[in-house]
Amino acid sequence: KKAKSILSKETNVMQHTVKKGCRVTIVGDIHGQIPDLLHIFHLNGLPSARNSYIFNGDWVDRGIQGCEVVLVIFAFKILFPRNVFLNRGNHEAVDINDFSGFLDECRDKYDEEVYYEFNEAFSTCPLATIIDEKVFVVHGGLPRVDMKVNSLYQINRKITEVDYEHPDHCILADLIWSDPEEYLQGRVPNTRRGAGQLFGPDVLAKFLALNDFHTVVRSHEAKQEGYEYLWGERLITVFSASNYCGSQGNDGAVLVYEHGLTRKIISWNLSNTSLLAVSGTYSRFNFRVSTKKTKNGGDSVKSILLKKLSKIIQDNRLPLIDSFEKVSKNGVIQRSVWANVLKEVLELEKVPFLMFQRLLGVPFYGVDAKHKGPIDYMQWLLHFNDLSKRKKKSENERSKSFSISKKSSLSERVSKMEAYMKLISLGDAKAAAAEMTNLEKFLATHTSRITSLFRYFDFDGDGLITRMDLRTGLQSIAEVYKEEFQDDDVDKLINRIFGGTNFKI
């Protein structure tokens, strides 16, 4: 409440001057990874009157110590209100953090009232900070129209839930959601994320000229080295959550400006920091959480936890389907509903399933192709369909288990495709035509699922899947299912699809 009181008196865009002998450090996304925040202070010093900080949004979600991260930066805001700046990110809003982990975290540690208090405070955070009248620091990117920064002072920022269709919310959404697109000219809607804009170098150049700036610094995107220079270093991305989500292996970085706007990057990699790097006990998993290998070189606790979760989900597929069907008649559910059903059916109230989405094989893009959109729960449950271990079910049970009643499984259809190709190569056109008819029926029936799968692999959103896209997607899956899907399987499947060529799908 004290932080909210201070923040609510600040303007939409804050100004900071770096005096002689002082510096200001821009911290990118932290996402609940408090080891990274503490490591930044270890490397760069605690906030003070001479050591200012700009925390550039996305403090919560994904990691499991978002509460602690926010409490630490709020405490420093109270201590040094003129030297600690808090720019709002897209995760500092109810419409995102209620299903990305922070709501579950607050429920586990406190209650929903605390969660809403946090979001009330987030709504008072400024949208940007200007350093020495030349460097514009914002979480996401640039607005949908060319404008002077003075116009941003008129925006009503004090909203907890962003309505992306509301005209008064559009500019705010652009500032916290937009991304640069290296080879784009102009702007287009950011369909990859479902909000904000994609903007090119010409848009940046015009914005800098209109406002007499020389650099825009933003966050919002994970970068392998923790930072990225773009367009002659006029746009800099800084991302501070190293080994993001405990699986990405990226560096974290901060950007430091000293007097005279000389700058330097500080980077690190806490490769042992993971999604589960916190002491505690999850009700049904009776062990202390750690990310280290066991003394005999066995699996890490994260791996053990995921195996246990996967086994529990596999054993409860039928009750899960029954519960999913009660809340959805079309096979699609919102992620918050998905998490609540899992907690109820599996009796795992303290497991933050929304934070485990990626680890449990839930793609970032939903069936509507939007970032974190709704889930096809039958498609997701196929991850846990272990045919070699599952007992035979009655016909009645089997009809409940699969949305494709009395039709061949996907693996059988893949075999059909191979059979078709073989028949073509043998010159048996009649048999091949019959096989193609079956395939066409399958494709027509399951277009949305196939499209959703293709979109998962289409990382840059250009409508094409390259060999590298496929490798990235498969390696992400292999990271979750290490026992079933090894690196050689990735290579074999890529070669099976692409052969020795570099064509695009």
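Me: In this predicted model, how many bridges join strand β2 to strand β3?
Reply: The model is predicted, not experimental. Strand β2 covers residues 23-27 and strand β3 covers residues 51-55, and the two run parallel. One of the pairs puts V24 with S52, and another puts I26 with I54. The number of bridges joining β2 to β3 is five.

Me: Which residues of β3 point the other way from N51, Y53 and F55?
Reply: In a regular strand, side chains alternate between the two faces of the sheet. In β3, N51, Y53 and F55 share one direction. The residues that point the other way are S52 and I54.

Me: How many of the five residues of β3 are buried?
Reply: A residue counts as buried when its relative accessible area is under 20%. The residues on both sides of β3 meet that condition. The strand is largely enclosed by the rest of the structure, because the number of its residues that are buried is five of the five.

Me: Which strands stand at the edges of the sheet that contains β2 and β3?
Reply: This open sheet has five strands, in the order β4-β3-β2-β13-β14, and its pairing is mixed. A strand at the edge has a single partner, so one of its sides is left without a neighbour in the sheet. The edge strands are β4 (84-86) and β14 (263-268).

Me: By how many degrees are neighbouring strands of the five-stranded sheet turned against each other on average?
Reply: The order β4-β3-β2-β13-β14 tells which strands are neighbours. The average turn between neighbouring strands ignores their direction. Its value is 20 degrees.

Me: At what angle does α3 run to β4?
Reply: Helix α3 lies across two strands, β3 and β4. The angle runs from 0 to 180 degrees between N-to-C directions. For α3 and β4 it is about 130 degrees.

Me: At what angle do helix α2 and helix α3 pack?
Reply: Helix α2 spans residues 34-44 and helix α3 spans residues 66-79. Their axes are 9 Å apart, and their crossing is left-handed. The packing angle is about 35 degrees.

Me: How many charged residues are there in the contact of α2 with α3?
Reply: From α2, the contact involves I34, L37 and F41. From α3, it involves E68, V69, V72, I73 and F76. By class, seven of these residues are nonpolar and none is polar, and the number that are charged is one.

Me: Is N119 buried or exposed?
Reply: N119 is found in helix α6, residues 112-122. Its relative accessible area is 1%, and the cut-off for buried is under 20%. N119 is therefore buried.

Me: With which side chain does the side chain of N119 make a polar contact?
Reply: Leaving aside neighbours within four places in sequence, N119 is in contact with E92, A93, V94, N97 and T160. A polar contact needs a pair of N or O atoms within 3.5 Å. At 2.9 Å, the partner is the side chain of N97.

Me: Which residues of helix α5 are buried?
Reply: Helix α5 takes in residues 102-109. The cover over its buried residues includes α3, α4 (94-97), α6 and α11 (335-346). The buried residues are F102, L103, D104, E105 and C106.

Me: Which residue in the turn between β11 and β12 has a positive phi?
Reply: Strand β11, residues 227-230, pairs with β12 in the antiparallel sense over four bridges. Y227 stands opposite V238 in this pairing. The two strands form a hairpin with four residues between them, and the phi of about 55 degrees belongs to W231.

Me: Which residue of β12 is the bridge partner of V217?
Reply: Strand β10, residues 215-218, and β12 run parallel and are joined by three bridges. Both faces of β12 are covered, with L235 and T237 buried on one side and I236 and V238 buried on the other. The bridge partner of V217 is I236.

Me: How far apart in space are N243 and A222, C-alpha to C-alpha?
Reply: N243 sits in the loop between β12 (235-238) and β13 (252-258). N243 counts as buried because its relative accessibility is 7%. In sequence N243 and A222 are 21 residues apart, and in space they are 9.7 Å apart.

Definitions and conventions:
Residues numbered from 1 in each chain as written. Predicted model: local features only at pLDDT ≥ 70, side-chain atom pairs only at ≥ 80, totals over all residues. Heavy atoms only, no water. Left-handed = near helix turned anticlockwise from the far one by under 90°. Contact = heavy atoms within 4.5 Å. Nonpolar A, V, L, I, M, F, W, Y, C, P; charged D, E, K, R; others polar. Buried < 20%, exposed > 50% of the residue type's maximum accessible area, 1.4 Å probe, protein only. Polar contact = N/O pair within 3.5 Å; in protein donor to acceptor, adjacent residues only side chain to side chain. Pairing = 2+ DSSP bridges.
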